[in-house]
Amino acid sequence: MVVKDLKFRILIDNTSNAGLLTEHGFALWVECDDKIILFDTGQNTDNSGILFKNAEALGCDLAKVDMLVLSHGHYDHTGSISEFLAINPTVSVVCHPQALLAQRYSIYPDKAPRQIAMPEKHRLAIQSLPDEQVRLLSEAEHLFPGVGFSGAIPRKHQQEDTGGPFFLDEAKITPDLIHDDISMWFETEQGLVILTGCCHSGLINTVQHIQSVTREQKIAGIIGGLHLNRASEQRLQVTCDALTDWQPEFIIPCHCTGEVAIDFLKAYLAEKIIDGGSGLIKKVC
Ligand SMILES: [Zn+2]
Ligand SMILES: [Zn+2]
């Protein structure tokens with residue numbers, strides 16, 4: 001079954017062409033047939049209330065959200081959850097179980113470890129919801145007809161370096177492989193629309209995984225963070241080649257894609273790329 005109506009509004013992104021608030025984070029409002037999905041909630045570490053202010057500016061009533069889906073459990077995608085649950089206490093919450101990990105760090109050489117897990121108050125707010133309100137999913141499945149949750153994404157592609165300075169402990173003993181990084185898909189008449197959060201699993205791995213679980217090859221569009229900000233030129237080229245093969249009608253790189261990567265993609269696929277940013281509205285169908 002395909003979705004008939006699909007519209008995205010970017011509530012939070014690193015930039016904005018619409019004069020809305022920005023931060024290093026991501027949140028997307030999805031209108032899909034008769035459902036409203038909130039995908040991530042941004043960062044809000046400065047307590048600016050960015051999610052609520054931008055939602056109001058875009059005419060999005062957060063109390064009407066049917067389902068909150070978390071792309072993964074990093075702080076820049078999970079701020080404001082407890083405040084959001086206060087105004088929408090019955091919303092369903094869906095994420096991979098490891099999105100609720102309490103300890104996870106990014107540790108760069110010669111820098112102090114930085115805690116980047118979902119802030120504790122938001123984790124506790126989810127954990128205190130009734131069991132039937134929270135779905136912790138490791139595998140791919142449909143959330144609504146034509147709307148899918150990827151589950152953990154296998155890291156198969158040789159050229160996609162999906163590592164990073166991520167650890168589960170400050171002593172750098174256990175790498176954090178970010179298995180909770182999931183994407184969503186929407187089945188439309190034009191093909192699959194893929195929605196990524198940070199895409200820590202790599203775009204090619206993500207798309208190929210979703211193509212395999214849906215048995216649909218056609219990619220109609222891609223929106224979200226592509227995590228290419230430290231990618232080698234070789235990886236950027238391989239990603240560009242894959243996008244050229246898939247021939248999506250639109251690509252909306254957001255959040256952690258990185259300016260260098262966006263310029264690289266534009267050099268090959270300029271007519272397909274739409275700049276993301278807080279306030280962007282994209283009606284797909
Ligand atoms: Zn992340
Ligand atoms: Zn991120």
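Q: What makes β9 and β10 count as paired strands?
A: In this predicted model, three bridges join β9 to strand β10 (residues 147–149). Pairing requires at least two bridges between two strands, so the criterion is met by the three bridges found here. The two strands run antiparallel, and E141 stands opposite F149 in β10.

Q: Why is β9 called an edge strand, and which other strand of its sheet is one?
A: The sheet is open, with six strands in the order β9-β10-β12-β13-β14-β15 and mixed pairing. Its edge strands are β9 (141–144) and β15 (250–254), each of which pairs on one side only. Neighbouring strands of this sheet are turned by 20° against each other on average, direction ignored.

Q: Which strands lie at the edges of the sheet that contains β4?
A: That open sheet has seven strands in the order β8-β5-β4-β3-β2-β1-β16, again with mixed pairing. The edge strands are β8 (134–136) and β16 (281–283), each pairing on one side only. From one strand to the next, the twist averages 20°.

Q: How do you know that β4 and β5 are paired?
A: Three bridges join β4 to strand β5 (residues 92–95). Because at least two bridges are needed, β4 and β5 qualify with three. They run parallel, and V69 stands opposite V94 in β5.

Q: What makes D76, H77, C198 and H255 donors of the zinc ion (ligand 2)?
A: The donor atoms are D76 (OD), H77 (NE2), C198 (SG) and H255 (NE2), lying 2.1 to 2.2 Å from the zinc ion (ligand 2). A donor is an N, O or S atom within 2.8 Å of such a metal, so these four atoms satisfy the criterion. Along the chain, the donors follow the spacing D-H-x120-C-x56-H.

Q: Why is the arrangement around the zinc ion (ligand 2) called irregular?
A: The four donor atoms subtend angles of 87 to 157°. A tetrahedral assignment requires all angles to lie between 85 and 135 degrees, so the angle of 157° rules it out, and the arrangement is irregular.

Q: Why can H77 and C198 be said to tie together separate parts of the chain?
A: H77 lies in the loop between β4 (67–69) and α2 (81–87), and C198 in the loop between β13 (191–196) and α4 (203–214), so the pair ties together parts that are 121 residues apart in sequence. Both H77 and C198 are buried.

Q: Which residues coordinate the zinc ion (ligand 1), and how far is this ion from the zinc ion (ligand 2)?
A: The zinc ion (ligand 1) is coordinated by H72 (NE2), H74 (ND1) and H200 (NE2), at 2.1 Å. Its donors follow the spacing H-x1-H-x125-H. The two zinc ions are 3.9 Å apart.

Q: Why are H72 and H74 classed as they are, buried or exposed?
A: The relative accessibility is 0% for H72 and 3% for H74. Buried means under 20%, so both H72 and H74 count as buried.

Q: How do you know that the buried residues of α1 line one face of the helix?
A: In α1 (residues 50–57), the residues I50, L51, N54 and A55 are buried. Seen down the axis of α1, they fall within an arc of 120°, so they line one face. On the other side, E56 and A57 are exposed.

Q: What does UniProt list for residues 24–255?
A: An unreviewed UniProt entry lists residues 24–255 as "domain: Metallo-beta-lactamase". Over these residues the chain is 21% helix and 25% strand, and the end C-alpha atoms are 7 Å apart.

Technical notes. Residues numbered from 1 in each chain as written. Chains lettered and ligands numbered in written order. Predicted model: local features only at pLDDT ≥ 70, side-chain atom pairs only at ≥ 80, totals over all residues. Heavy atoms only, no water. Donors = N, O, S within 2.8 Å, 3.2 Å for Na, K, Ca; no water. Tetrahedral: all angles 85-135°; square planar, octahedral: opposite > 155°, others 65-115°. Helix = DSSP H or I, 4+ residues; strand = E, 2+ residues; numbered from the N terminus. Buried < 20%, exposed > 50% of the residue type's maximum accessible area, 1.4 Å probe, protein only. Axes fitted to C-alpha atoms, helices over the stretch in contact; angles between N-to-C directions. UniProt positions renumbered as here; feature names shortened; annotations may be inferred. Arc of directions from axis to C-beta.
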